[in-house]
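Biologist: Hello! I would like to go through this fold with you, one question at a time. Shall we put it on the screen first?

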Amino acid sequence: MHGTIFTLLKRYIQTQYDHSTWVRLLEASNLSATDFDHKNVYPDEHMYALVGHAAEMTGLSADELHEKFGEYLVPDLMYMYQRLVQPEWKTLDMLEHTEHTMHRQVRSEHIENAPPVLEVTRVSPTELYIDYMSKRRMGALAVGIVRGLAAYFDEADQILVEPTTDENGERVRIRVRQIPVAH
């Protein structure tokens with residue numbers, strides 16, 4: 001997993017909890033106290049250990065923690081990839097174009113990067129399905145990112161995000177619908 005994700009996880013833990021929680025998390029995960037370098041790629045097992053121990057420390061499930069972290073990631077991801085985003089895009093457009101814009105860029109920058117493969121099927125102007133495919137089994141992170149995108153585009157009250165399969169599978173299907181806002 002790319003070091004940027006670890007750097008953002010560290011910041012998430014420090015802002016939602018505190019620095020000592022991050023230090024305890026590293027110790028519990030048998031990882032060194034040195035910061036993860038955002039330019040390198042690290043074993044997925046490091047993320048599994050950190051999230052697993054964070055779930056134990058916070059009382060949240062690993063899925064809940066992944067979802068909250070996914071939501072937290074969005075502003076930074078949007079900043080990093082802003083040049084690839086069209087100004088007229090909203091949540092559903094962003095989701096529809098992620099695989100062929102942002103993920104393509106990530107894969108081309110570092111051959112060892114392996115973001116999930118997203119097959120997005122737009123079934124109507126207000127609905128799409130995301131088929132998330134990754135051996136990492138972090139569908140809950142994807143659900144959180146979708147919710148974070150809806151918040152980023154000021155559509156949180158209009159976007160329903162519904163995993164239709166278990167979020168821990170290698171293939172996760174997520175239904176995303178835009179609903180009318182009640183006034």
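Biologist: Which residue in β4 does E162 stand opposite?

Modeller: A word on the basis: this is a predicted model, where local features need pLDDT of at least 70 and side-chain atom pairs count only at pLDDT 80 or more, while totals for chains, interfaces and linings use all residues. Residues are numbered from 1 along each chain as its sequence is written, and side-chain values use heavy atoms, leaving out hydrogens and water. Strands (DSSP runs of E, at least two residues) and helices (H or I, at least four) are numbered from the N terminus; β3 and β4 (residues 171-178) pair, which takes at least two DSSP bridges, in the antiparallel sense over five bridges. Across from E162 in β4 stands R175.

Biologist: Which strands are the edge strands of the sheet?

Modeller: The open sheet has four strands, in the order β1-β2-β4-β3, with antiparallel pairing. Strands that pair on one side only are its edges, namely β1 (117-124) and β3.

Biologist: At roughly what angle do the axes of α1 and α4 cross?

Modeller: Axes are lines fitted to C-alpha atoms, for helices over the stretch in contact, and angles run from 0 to 180 degrees between N-to-C directions. The axes of α1 (residues 3-16) and α4 (residues 62-80) come within 10 Å, crossing at roughly 115°.

Biologist: Are α1 and α3 roughly parallel or antiparallel to each other?

Modeller: Their axes come within 11 Å and cross at roughly 15°. Angles under 35 degrees count as roughly parallel, over 145 as roughly antiparallel, 65 to 115 as roughly perpendicular and the rest as oblique. The verdict for α1 and α3 is therefore roughly parallel.

Biologist: Which residues of α3 make the contact with α1?

Modeller: Contact means heavy atoms within 4.5 Å. On the α1 side we find I5, F6, L9 and I13, and their partners on α3 are H46, M47, L50 and A54.

Biologist: Where is R137, with its positive phi, found?

Modeller: R137 has a phi of about 60° although it is not a glycine. With a relative accessible area of 42%, R137 is partly exposed, a class lying between buried (under 20%) and exposed (over 50%), using a 1.4 Å probe and protein chains only. R137 sits in the loop between β2 (127-133) and α7 (139-152).

Biologist: And D154: what is its relative accessible area?

Modeller: D154, in the loop between α7 and β3 (159-163), also is not a glycine and has a positive phi of about 55°. D154 is exposed, with a relative accessible area of 64%.
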